[in-house]
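Grab a pencil and work through the exercises below with the model open beside you. Each one sets a task and then walks through a solution.

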Amino acid sequence: MKTRWHVWLLWIGEAENRIILTAVILGTAITWLLAGLLAVAGGEQKQLSEQVLRFHVLASSDSEEDQALKLQVRDAVIAYLEPCLRQSESVEETRAFIATHLPQITDVASRSLQRAGSSENVQVMLGVSDFPTKYYGSVALPAGRYEALRIEIGQAQGQNWWCVMFPSLCFVDETQPDAMDAQLEENLPEAQNDLIHEPRSFRFKLIEWYHALFD
């Protein structure tokens, strides 16, 4: 015959089992929810990266001289590319022009260094690189993998400079947000345009978390 004590112990045991089962179910549901959200975030970053081509210049070091050289190379290359790419109508058009003019871009960068009296070597390439979250004027690109025109000066260990080659923000003063917004609205789908204007949104943060976990 069961005593009240035995009944009480059985009830506690059943309650503990119910709590454990509930916790397992909730934990599984939350895990699947987060996995789904992160998968969506990864897809959004990929969609954005397919619409964007970046420009990335890495200085040899953080010395004042090397940082100045970085900006000289940047200015020379932008001046060379601007007449041809300011009115580019697609990322494919921009990519094709850069890919077929890498030797010329390398020459422009090298001559810029020579004019400054520098003997540093320079490497120019077009490829996919990992980027942290970057801010440019009124917009931000979330962390992730993006295609970029990449220029490495010397050891390429210094602070870098970047902009967006397509849409052609490199040729727009970042202190003129209206001009930047016009370029973005014309060349990016609405969903991606909204994303890069909302760096504090949960949607944006999810992409950053995805990159931190999986890229």
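**Exercise 1. Count the helices and strands, and put them in order.**

Solution. Step one, the tally: the protein has 7 helices and 6 strands. Helices (H or I, at least four residues) and strands (E, at least two) are DSSP runs, numbered from the N terminus. Step two, the order: starting at the N terminus, the elements read α-β-α-α-α-β-β-β-β-β-α-α-α.

Before going on, two notes on what you're looking at. This is a predicted model, with residues numbered from 1 along each chain as its sequence is written, and side-chain values use heavy atoms, leaving out hydrogens and water. Local features need pLDDT of at least 70 and side-chain atom pairs count only at pLDDT 80 or more, while totals for chains, interfaces and linings use all residues.

**Exercise 2. Work out the strand order of the open sheet and say which strands sit at its edges.**

Solution. Step one: 4 strands make up this open sheet, in the order β2-β5-β1-β6, with mixed pairing. Two strands pair if DSSP finds at least two bridges between them. Step two: β2 (122-131) and β6 (160-166) are the edge strands, each pairing on one side only. On average, neighbouring strands are turned by 25° against each other, direction ignored.

Step three, look at β1 (residues 53-58). It runs parallel to β5 (residues 144-153), joined by 5 bridges, and V57 has I151 as its bridge partner in β5. Between β1 and β6 there are 6 bridges, and these two strands run antiparallel; here L58 stands opposite N160 in β6.

**Exercise 3. Find out which strands α3 touches, and what angle it makes with β6.**

Solution. Helix α3 (residues 91-100) packs on the sheet and touches β1, β2, β5 and β6. Contact means heavy atoms within 4.5 Å. The direction of α3 makes about 120° with that of β6. Axes are lines fitted to C-alpha atoms, for helices over the stretch in contact, and angles run from 0 to 180 degrees between N-to-C directions.

**Exercise 4. Decide how enclosed β6 is, then find the core.**

Solution. Step one: 6 of the 7 residues of β6 are buried, so this strand is largely enclosed by the rest of the structure. Buried means under 20% relative accessible area, exposed over 50%, partly exposed in between (1.4 Å probe, protein chains only). Across the protein, 42% of the 215 residues are buried.

Step two: the largest nonpolar core holds 48 residues, and F55, V77, L81, I105, L149, I151 and M165 have the most contacts inside it. Its largest share, 7 residues, comes from helix α2 (residues 64-85). For the record, a nonpolar core is a set of buried Ala, Val, Leu, Ile, Met, Phe, Trp, Tyr and Cys residues joined through side-chain atoms within 4.5 Å.

Step three: zoom in on M165. Setting aside residues up to four places away in sequence, M165 touches L53, R54, F55, L81, L85, T94, I98, L149, C170 and F171.

**Exercise 5. Locate the disulfide and give its handedness.**

Solution. There's 1 disulfide in the structure, and its partners are C163 and C170, with sulfur atoms 1.7 Å apart. The cut-off is a pair of cysteine sulfur atoms within 2.5 Å. The torsion about the S-S bond is about 80°, so the disulfide is right-handed. Now check accessibility: C163 is buried at 0%, and C170 counts as buried at 10%. C84, by comparison, is partly exposed, with a relative accessible area of 40%.

**Exercise 6. Track down the cis peptide bond and a neighbour of its proline.**

Solution. Step one: the bond from F166 to P167 is cis, with omega near -10°, and P167 lies in the loop between β6 and α5. Step two: N187, in helix α5 (residues 177-187), contacts Q51, S88, E89, F166 and P167, leaving aside neighbours within four places in sequence. N187 is buried, with a relative accessible area of 14%.

**Exercise 7. Which residue in the loop between β5 and β6 has a positive phi?**

Solution. Go to A156, found in that loop. Its phi is near 55°, a positive value in a residue other than glycine. A156 is also buried, at 16% relative accessible area.
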